[in-house]
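Have a look at the model below. We'll go through it as a quick back-and-forth.

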Amino acid sequence: MNRVVGVIAIPCPTQIVEGDCRKLFASDYRKNQDSALSGVLIRKMSAKMKMRPAVENGEAGEDFVLSIMVSNGEDFGPMVQLVFETGKLETLMQHLKNVVRKKEVEIEELCKLHYEDFILAVDEIRGVLVDAEELKSELASENFRLQEVGSALLLKLEELLESYLIKKDVTKAIKMLKNCAFALDLCLKCNNHISEGWFYLALKAVDQIEKNYLQNIPVKALKMLIEKRIPLIKSHIEKKVCSEVNEWLVHTRSGAKDIGKAAIGVLRTASGLLSPNQLKMMWETAAAKITSILEEQFSHTDTANHLLLVKDYVTFLGATLRKYGYEVGSILETLNISSDKYHELLLAECRQQITEVLASDTYE
């Protein structure tokens with residue numbers, strides 16, 4: 001049978017003993033095994049008897065030894081064999097039942113001793129389970145709230161990133177538009193300067209467009225248009241300047257004679273204004289300045305025709321001044337020195353013309 005204490009089922013030792021007995025009844029021990037087991041049992045019993053010299057020989061002594069062996073949990077095999085050989089089965093069963101009752105009492109006392117602790121532990125476990133369920137519910141609720149807040153934040157973050165990208169694109173577009181606006185403003189100023197005849201300012205505006213704004217214009221069509229217009233504007237300005245210079249030279253040639261006569265008459269007819277020595281010193285100073293200016297201008301001249309034209313005018317001026325008694329040797333000497341410059345420019349122009357002719361020739 002099983003005794004139930006609390007929630008623990010404990011098998012009865014009687015069942016174990018009876019099972020062992022049935023196994024022993026069914027076994028057929030050989031004689032040599034019986035002799036060996038009997039010898040072991042006798043030795044154990046002798047040892048027990050030596051430890052207890054006060055116990056008398058006979059049945060009482062055997063019962064006492066049997067009780068001691070059962071209580072100490074000795075091996076039941078030799079014990080049961082000895083019991084059947086001596087006919088002490090009832091005595092063995094009685095001892096076993098006594099041991100069982102004793103163990104049952106010990107188990108009950110042990111269970112009673114720890115029963116309250118066990119109940120408290122179970123209650124604590126139940127409390128922990130309740131707390132765990134509450135914590136689980138709270139965690140689920142907080143997780144749900146966190147997911148809601150996180151979803152809203154993610155949406156806001158996506159909107160912020162989109163706004164940032166839009167701002168970046170708008171800033172870039174504004175910068176590009178500013179470059180285009182500056183370039184177009186300079187183009188407008190250049191046109192106004194050309195229409196008013198301020199060619200230097202127009203060229204300065206064109207140069208500023210080329211250096212600072214042309215490469216930064218993002219609109220390809222506008223950039224290509226300005227690139228095509230710049231050479232045309234420069235060519236137009238060059239033609240206008242050359243035309244005006246030629247007109248000025250023609251006008252100067254026509255009026256130079258009258259101007260020279262008037263200037264020289266004023267110097268010569270200024271009776272009493274300057275002494276002859278002062279007049280001579282003034283002319284030497286003027287001749288030196290004229291010579292210096294001519295040398296500088298000749299060095300910057302890059303066209304043979306212009307150099308020849310200026311040389312003709314200076315020659316006419318020198319001849320006129322010499323007619324009125326002024327020394328013009330230093331001025332005419334400057335013209336002789338400029339002849340080398342004239343030959344170099346003339347050779348360069350001829351070389352350029354020959355190169356162009358050869359390049360355009362198809363040799364047909």
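Q: Does Lys189 count as buried, partly exposed or exposed, and what is its relative accessibility?
A: This is a predicted model, where local features need pLDDT of at least 70 and side-chain atom pairs count only at pLDDT 80 or more, while totals for chains, interfaces and linings use all residues. Residues are numbered from 1 along each chain as its sequence is written, and side-chain values use heavy atoms, with hydrogens and water left out. Buried means under 20% relative accessible area, exposed over 50%, and partly exposed in between (1.4 Å probe, protein chains only). Lys189 therefore counts as partly exposed, at 40%.

Q: Which residue does Lys189 meet in a salt bridge?
A: A salt bridge here is a side-chain nitrogen of Lys or Arg within 4 Å of a carboxyl oxygen of Asp or Glu. The partner sits four residues away in helix α5 (residues 89–196), about one turn of the helix; helices (H or I, at least four residues) and strands (E, at least two) are DSSP runs, numbered from the N terminus. With N to O at 3.6 Å, the partner is Asp185.

Q: In the salt bridge between Asp207 and Lys211, which residue counts as exposed?
A: Both lie in helix α6 (residues 199–213), four residues apart, and their closest N and O atoms are 3.4 Å apart. Asp207 is at 31% relative accessibility, so it counts as partly exposed. At 63%, the exposed one is Lys211.

Q: How many residues apart in sequence are the parts that Lys234 and Glu210 tie together?
A: The two side chains meet in a salt bridge at 3.3 Å, N to O. Lys234 lies in helix α7 (residues 220–268) and Glu210 in helix α6, so the pair ties together parts whose separation in sequence is 24 residues.

Q: How many salt bridges does the structure hold?
A: Among them are Asp185 with Lys189, Asp207 with Lys211 and Lys234 with Glu210. The total for the structure is five.

Q: Over which residues is the pLDDT below 50?
A: pLDDT is the predictor's confidence in each residue, from 0 to 100. The protein chain has a mean of 75, and 73% of its residues reach 70 or more. Where pLDDT is low, the predicted coordinates should not be read in detail. That caution goes for the stretch below 50, residues 1–59.

Q: What does helix α8 reach from its first C-alpha to its last?
A: Helix α8 (residues 276–300) has 25 residues. The expected span is 1.5 Å times one less than the number of residues, which gives 36 Å here. The model comes close to that, at 36 Å.

Technical notes
Contact = heavy atoms within 4.5 Å.
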